Amino acid sequence: MANKPLAKALETISGIPITPFRKSDGSIDWHHYKETVDRIVDNGIDVIVPCGNTSEFYALSLEEAKEEVRRTVEYVHGRALVVAGIGYATSTAIELGNAAKAAGADAVMIHMPIHPYVTAGGVYAYFRDIIEALDFPSLVYFKDPEISDRVLVDLAPLQNLVGVKYAINDLPRFAKVVRSIPEEHQIAWICGTAEKWAPFFWHAGAKGFTSGLVNLLPQKAVEMLEALRNNDNDAVWRIWEDIVPFEDLRAKYNQGNNVVVIKEAMEMLRQNAGVTRAPVNELSNEDKQLVTELLSSWKLLQPTKG
């Protein structure tokens, strides 16, 4: 159980930093990436997840992904845990995981396979083979509703599995799998669908949640976590009502707006988020106006003078 104590430290906010790409040539702007990481950590976020989906992981080359993890470890400098996103083919995920270990990351998060043809047995083998090959604290990112939760039950006894980022918004299903895995396995259950779903997952057994909002408004995510921990329901739902319109906008077009809404909001606040890479394009004028209105409602933007 050498790695299991890490599970307790994961019962918090997992902040997913964006990757700022320069508009001029599409390259990564590492200076502004450091600004983003520092803003997240300086505002009390204890777990940083480079190469998450909000980081546009699948738009990064393998060398860029390795560099993002290496630089994140350097920029965080021990102030928070670094959980590196890894994925693609089994051998590629292992390669990325070994690079993350060498860079000084604290754990890896294994993305759900994106292969168009998957089976539960195959997904189990994918996660198991990576976890066993790395011999390193690992989290599973579980988000395909067509794959049985039995995969998680079978993976739970692995010594190096320390957490599950669960991103299927089916609360009875989630509650059932949490309760079907013995506490002795010490799994950190993390709501993988951010603040909008965090209160619901919290009561079903998740004691942490992911956040993309931390890129521009980390204080709001921290307020949500504190309210949940204090069982302050009035505060939880007040904060939830503030956040939901932003998360709903991110969820438009089957989650197609997920990253670009954050980047647009950051740019409006002069936080240098850069552009997105294909296959994500810029926001429509209508959605840009909605972002402006949301930021104004949070008193982060001054009303435009006519």
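**Close-up views of a predicted barrel model**

**View 1. The largest pocket of the predicted model.** The space in the largest pocket amounts to about 950 Å³, and among the 32 residues that line this pocket, N53, Y141, K143, Q255 and N258 are the closest to its centre. Helix 8, strand 8, helix 10 (233–250), helix 11 (252–255) and helix 12 (258–268) each contribute at least two residues to the lining of the largest pocket, and the largest share, 3 residues, is supplied by helix 8. Sorted by class, this lining consists of 13 nonpolar, 12 polar and 7 charged residues.

**View 2. The second largest pocket, with W189 among the residues nearest its centre.** About 350 Å³ of space lies in the second largest pocket, whose lining is made up of 15 residues, with E11, V178, E183, I187 and W189 nearest the centre. Helix 1 (5–9), helix 7 and strand 7 each provide at least two residues of this lining, which divides into 7 nonpolar, 2 polar and 6 charged residues.

**View 3. The closed barrel of 8 strands.** The strands of the barrel follow the order 1-2-3-4-5-6-7-8, and their pairing is parallel. Strands of a sheet pair through backbone hydrogen bonds, in either a parallel or an antiparallel sense. The two views that follow look at strand 3 and strand 7 with their partners.

**View 4. Strand 3 (residues 81–86) between strand 2 (residues 47–48) and strand 4 (residues 107–110).** Strand 3 is mostly covered, with 6 of its 6 residues buried; L81, V83 and G85 lie on one side and V82, A84 and I86 on the other, so that both faces are covered. Strand 2 and strand 3 pair in the parallel sense over 2 bridges, and V47 stands opposite L81 in strand 3. Between these two strands the chain crosses through helix 3 (residues 62–76), in a β-α-β crossover that is right-handed. On the pairing with strand 4, which is also parallel, there are 4 bridges, with V83 opposite A107 and I86 opposite I110. Strand 3, helix 4 (residues 90–103) and strand 4 together form a right-handed β-α-β unit.

**View 5. Strand 7 (residues 188–191) and its two faces.** From strand 7, A188 and I190 point one way while W189 and C191 point the other way, and all of them are buried. Strand 6 (residues 161–166) runs parallel to strand 7 and is joined to it by 4 bridges, and V164 of strand 6 stands opposite W189 in strand 7. The chain passes from strand 6 through helix 7 (residues 171–180) to strand 7, and this β-α-β crossover is right-handed. Strand 7 also pairs in the parallel sense with strand 8 (residues 208–211), over 2 bridges, and there I190 stands opposite G208. The step from strand 7 to strand 8 leads through helix 8 (residues 194–204), again as a right-handed β-α-β crossover.

**View 6. The cysteines C51 and C191.** C51 counts as buried because its relative accessibility is 0%, under the cut-off of 20%. C191, which is in strand 7, is likewise buried because its relative accessible area is 0%. The structure as a whole holds 0 disulfides.

Methods
Residues numbered from 1 in each chain as written. Predicted model: local features only at pLDDT ≥ 70, side-chain atom pairs only at ≥ 80, totals over all residues. Heavy atoms only, no water. Buried < 20%, exposed > 50% of the residue type's maximum accessible area, 1.4 Å probe, protein only. Pairing = 2+ DSSP bridges. Right-handed = clockwise from strand over helix to strand, strands pointing away. 1 Å grid on protein atoms, 1.4 Å probe; cavity = no way out; pocket = protein on both sides within 12 Å on 5 of 7 lines; lining within 4 Å. Points joined across faces, edges and corners; volume = space filled by probe spheres on them. Nonpolar A, V, L, I, M, F, W, Y, C, P; charged D, E, K, R; others polar. Disulfide = S-S within 2.5 Å.
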